Amino acid sequence: MGSIQVVQVGKAYKQYPTRWSRLAEWLIPFSAPRHQLKWVLQDVSFTVNPGEALGIIGINGAGKSTLLAALSGELLPSSGRVSLDGRALAEWDGPSRAQRLAVLPQSSTLNFAFAVEDVVAMGRLPHASGAR
């Protein structure tokens, strides 16, 4: 397994003063922007090599979940690059990325009564070894 490299990653969200300004910006596409950018992450850089552990800690609203979403490829950063083995996450096709990168959420939202073995088997699907 290779390394994950994060280089100057930033994520910004549009912040509107009112919901009407958001609607106006959508309805009148060539008008002046009615939003401000709110940066949640700015210039985050680090590398995680095979065998290393990474802990992300911070106060509420510090951007921990946003950073994890960018690391997993769930969220595209507004700036910078997240790469796996030297290739941007966006360049990996789904099955290849799933074989190299997995995310275990803190809480599960499975709405069906799956046995633990079934959930593990689903996680092994990208490796075609989920069958019993």
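Ser83 sits in strand β3, where helices and strands are DSSP runs numbered from the N terminus (H or I and at least four residues for a helix, E and at least two for a strand). At 4% relative accessibility, Ser83 is buried; buried means under 20% relative accessible area, exposed over 50%, and partly exposed in between (1.4 Å probe, protein chains only). This is a predicted model, so local features need pLDDT of at least 70 and side-chain atom pairs count only at pLDDT 80 or more, while totals for chains, interfaces and linings use all residues. Residues are numbered from 1 along each chain as its sequence is written, and side-chain values use heavy atoms, with hydrogens and water left out.

**Confidence**
- The protein averages a pLDDT of 85, and 95% of the residues score at least 70; pLDDT is the predictor's confidence in each residue, from 0 to 100.
- Confidence is highest in β3, at 94, and lowest in helix α4 (residues 116-123), at a mean of 82.

**Around Ser83**
- Leaving aside residues up to four places away in sequence, Ser83 touches Ser3, Ile4, Gln5, Ala88 and Leu89, with contact meaning heavy atoms within 4.5 Å.

**Helix α1, two faces**
- Ser21, Ala24 and Glu25 are the buried residues to look at in α1.
- They cover an arc of only 100° around the axis, so they end up on the same side of α1; the arc is that of the directions from the helix axis to the C-beta atoms.
- That buried side of α1 packs against β1 (4-15).
- Turn to the face pointing away from the buried side and you meet the exposed residues Arg19, Trp20, Arg22, Trp26 and Leu27.
- Trp20, part of helix α1 (residues 19-27), is exposed, with a relative accessible area of 60%.
- Trp20 also joins Leu23, Trp26, Leu27 and Ile28 in a nonpolar surface patch, with about 630 Å² of accessible area together.
- For the record, patches are made of residues with over 30% relative accessible area and no salt bridge, with like charges joined within 9 Å and nonpolar side chains (Val, Leu, Ile, Met, Phe, Trp, Tyr) within 5 Å.
- The areas come from the Shrake-Rupley method with a 1.4 Å probe, and for residues only the protein chains shown count as cover.

**Salt bridges**
- The structure holds two salt bridges, each defined as a side-chain nitrogen of Lys or Arg within 4 Å of a carboxyl oxygen of Asp or Glu.
- One of them pairs Glu25 with Lys14, the closest N and O atoms being 3.9 Å apart.
- This pair ties together distant parts of the chain, with Glu25 in helix α1 and Lys14 in strand β1, eleven residues apart.
- Glu25 counts as buried at 14% relative accessibility, whereas Lys14 is exposed, with a relative accessible area of 51%.
- Another links Arg100 and Asp85, whose closest N and O atoms are 2.0 Å apart.
- Here too distant parts of the chain are linked: Arg100 is in helix α3 (residues 94-100) and Asp85 in the loop between β3 (79-84) and β4 (87-88), 15 residues apart.
- Arg100 is partly exposed, at 31% relative accessibility, and Asp85 is partly exposed at 31% as well.

**Backbone oddities**
- Most residues other than glycine have a negative phi.
- Asp85 goes the other way, with a positive phi near 55°.
- Asp43 has a positive phi too, near 50°; Asp43 lies in strand β2 (residues 36-48) and counts as exposed at 58% relative accessibility.
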